[in-house]
Amino acid sequence: MNSDFDSIRTLGIVGAGAMGRGIAQIAASAGLDVRLFDADAKAVGAARDYLRETFEKLVAKGKIERPIADAALARVSGAEALADLAGCQVVVEAIVERLDAKRELLRALEDVVGPHCILASNTSSLSITSIAAACAFPRRVAGFHFFNPVGRKFPHVRVLHDHAFVWRQVHAINLVFRDIAVKPLNLRSDLIQCLQ
Ligand SMILES: NC(=O)c1ccc[n+]([C@@H]2O[C@H](COP(=O)([O-])OP(=O)(O)OC[C@H]3O[C@@H](n4cnc5c(N)ncnc54)[C@H](O)[C@@H]3O)[C@@H](O)[C@H]2O)c1
């Protein structure tokens, strides 16, 4: 893994539903460039509409200034194909909660992103180790469990990784979450699964 981890600026998100759009909002608000992909192209448009309305409301309530809201919205771009996530340093998936779908997606992402890209799953209930098992480099896979609604009522994210996860990646992830002002709770996924 390399020193890119001191400056993660580009986040890919796959799945533009409830969780994906929430993650996009907090990441873009923190200054990250966000690329949003969904198997359903209409979902990306709907997510951008949602983000526009959300930022409008925040401006109307005086929570943020318009130039900041406009800049945040401009940082979220729609990806037409998975391949458009090629330059991302971290990609988090927030797709349907199905092991086969998540495995297939992360495996396909490995063919797209660079060798140092961290892949993360926002799964609610699936084993990170099982999701990562299909990857050529499972050590790059972590779990980010954002709570719903993302970042507002719950400014925390559970970061799940198993014993094989590279510690430098944990450091990198902590830097990202420091930037987006959510508190990472680092946990070993195998221990969590024991508790569940
Ligand atoms: N909603 C919650 O309260 C919540 C909380 C924490 C974690 N999660 C987890 O987050 C993930 C997403 O949940 P959500 O509520 O946002 O779901 P959602 O149904 O609102 O959105 C999922 C999106 O993923 C897209 N999608 C499905 N399969 C795809 C694929 N193979 N490639 C690309 N896009 C695909 C769908 O078109 C849809 O737009 C799930 O794993 C869920 O368990 C959800």
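Reader: By class, how many residues in the shell around the ligand are nonpolar, polar and charged?

Author: The model is a predicted one. Its ligand is surrounded by 22 residues. Sorted by class, the shell holds three charged, seven polar and twelve nonpolar residues.

Reader: Which residues come nearest to the ligand, and which element gives the largest share of the shell?

Author: The nearest of the 22 residues are G15, G17, M19, S124 and N148. Two elements, α4 and α1 (18–29), each give two or more residues to the shell. With three residues, the largest share comes from α1.

Reader: Are the two faces of strand β4 covered or open?

Author: In a regular strand, side chains point alternately to one face of the sheet and the other. In β4 (residues 90–93), V90 and V92 lie on one side, and V91 and E93 lie on the other. A residue counts as buried when 20 or more other C-beta atoms lie within 10 Å of its own. These four residues are all buried, and both faces are therefore covered.

Reader: In which sense does β1 pair with β4, and which residue of β4 is the bridge partner of V14?

Author: Strand β1 (residues 10–14) is joined to β4 by four bridges, and the pairing is parallel. The partner of V14 in β4 is E93.

Reader: What is the handedness of the crossover from β4 to β5?

Author: Strands β4 and β5 (residues 118–121) run parallel and share four bridges. Within this pair, V90 stands opposite I118 of β5. Between the two strands the chain passes through helix α4 (residues 99–110), and this β-α-β crossover is right-handed.

How values were computed: Residues are numbered from 1 along each chain as its sequence is written. This is a predicted model: local features need pLDDT of at least 70, side-chain atom pairs count only at pLDDT 80 or more; totals for chains, interfaces and linings use all residues. A residue is buried if 20 or more other C-beta atoms lie within 10 Å of its own, exposed if 12 or fewer, and partly exposed in between; C-beta atoms are placed from the backbone. Two strands pair if DSSP finds at least two bridges between them. A crossover is right-handed if, with the strands pointing away from the viewer, the path from the first strand over the helix to the second runs clockwise. A residue is near a molecule or strand if its C-beta atom, placed from the backbone, lies within 6 Å of it. Ala, Val, Leu, Ile, Met, Phe, Trp, Tyr, Cys and Pro count as nonpolar, Asp, Glu, Lys and Arg as charged, and the others, Gly among them, as polar.
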